[in-house]
Amino acid sequence: MSSGQSRSPARTVFIRDVITITTVGYGEVMPLNPQEIVFGSLFIISSIFIVGYAISVITEYLISKNLGRFREKTVLKKLKSMKDHIIVCG
């Protein structure tokens, strides 16, 4: 591989690790210069954080919505079971 010979071994290992761990798995069609390598690595890593954040926000929304319904049903069930009670609010 001619592009790997111009890079330091540590940089090559880092690039291959990023590609493998993130499961992007693309092969280099042409030799990349150092700026392209840094951009690609940062793009892959930032994409993972963005997608992870989006998933967490959506999950939190769905769970809070369902949890609110569950609490409402529980309170209504308790209120229906009460007879001859006085509820003081304030």
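**Entry 1. Burial and surface**

I began with burial in this predicted model: of the 90 residues in the protein, buried ones make up 13%. I then looked up the surface of the protein, which comes to about 7900 Å² exposed. Carbon and sulfur atoms supply 68% of that area.

**Entry 2. Elements and confidence**

I next listed the secondary structure and found three helices and zero strands. Read from the N terminus on, the order is α-α-α.

I checked the confidence before going further. The mean pLDDT of the protein is 79, and 86% of the residues score at least 70. Where is confidence lowest, and where is it highest? I found the lowest mean, 48, in helix H1 (residues 2-5), and the highest, 85, in H3. I therefore gave the following entries mainly to H3, given its mean of 85.

**Entry 3. The span of H3**

Helix H3 covers residues 34-81, and I noted its count as 48 residues. From the first C-alpha to the last, H3 reaches 70 Å. At 1.5 Å a residue, 70 Å is also what is expected, and the line of the helix comes close to that value.

**Entry 4. The buried residues of H3**

Which residues of H3 are buried? I recorded Ile37, Gly40, Ser41 and Ile44. The buried residues of H3 pack against helix H2, which spans residues 9-21.

I took Ile37 first, a residue of helix H3. Its relative accessibility is 7%, so Ile37 counts as buried, the cut-off being under 20%. I also looked up its separation from Thr12: the two are 25 residues apart in sequence, and their C-alpha atoms are 9.7 Å apart in space.

I turned to Ser41, also placed in helix H3. Why is Ser41 classed as buried? Its relative accessible area is 7%, which is under the 20% cut-off, and Ser41 is therefore buried. Which residues does Ser41 contact, once its neighbours within four places in sequence are left aside? I found Phe14 and Val18.

**Entry 5. Partly exposed residues of H3**

I then examined Ile45, which lies in helix H3. Ile45 has 31% relative accessibility and counts as partly exposed, because this value falls between the cut-offs of 20% and 50%. Ile45 and Ile19 are 26 residues apart in sequence, while in space I noted 9.5 Å from C-alpha to C-alpha.

Leu79 is another residue that I located in helix H3. Is Leu79 buried or partly exposed? With a relative accessible area of 40%, Leu79 is partly exposed, since 40% also lies between 20% and 50%.

**Entry 6. A nonpolar patch**

I followed Leu79 to the surface, where it belongs to a nonpolar patch. The patch is formed by Val75, Leu76, Leu79, Met82 and Ile87. What accessible area do these residues have together? I entered about 440 Å² for the patch.

Note on methods
Residues numbered from 1 in each chain as written. Predicted model: local features only at pLDDT ≥ 70, side-chain atom pairs only at ≥ 80, totals over all residues. Heavy atoms only, no water. Helix = DSSP H or I, 4+ residues; strand = E, 2+ residues; numbered from the N terminus. Expected span 1.5 Å × (residues − 1). Buried < 20%, exposed > 50% of the residue type's maximum accessible area, 1.4 Å probe, protein only. Contact = heavy atoms within 4.5 Å. Patch = residues over 30% accessible without salt bridge, like charges linked within 9 Å, V, L, I, M, F, W, Y side chains within 5 Å. Areas by Shrake-Rupley, 256 points an atom, 1.4 Å probe, with all protein chains shown as cover. Salt bridge = Lys/Arg side-chain N within 4 Å of Asp/Glu carboxyl O. pLDDT = per-residue confidence, 0-100.
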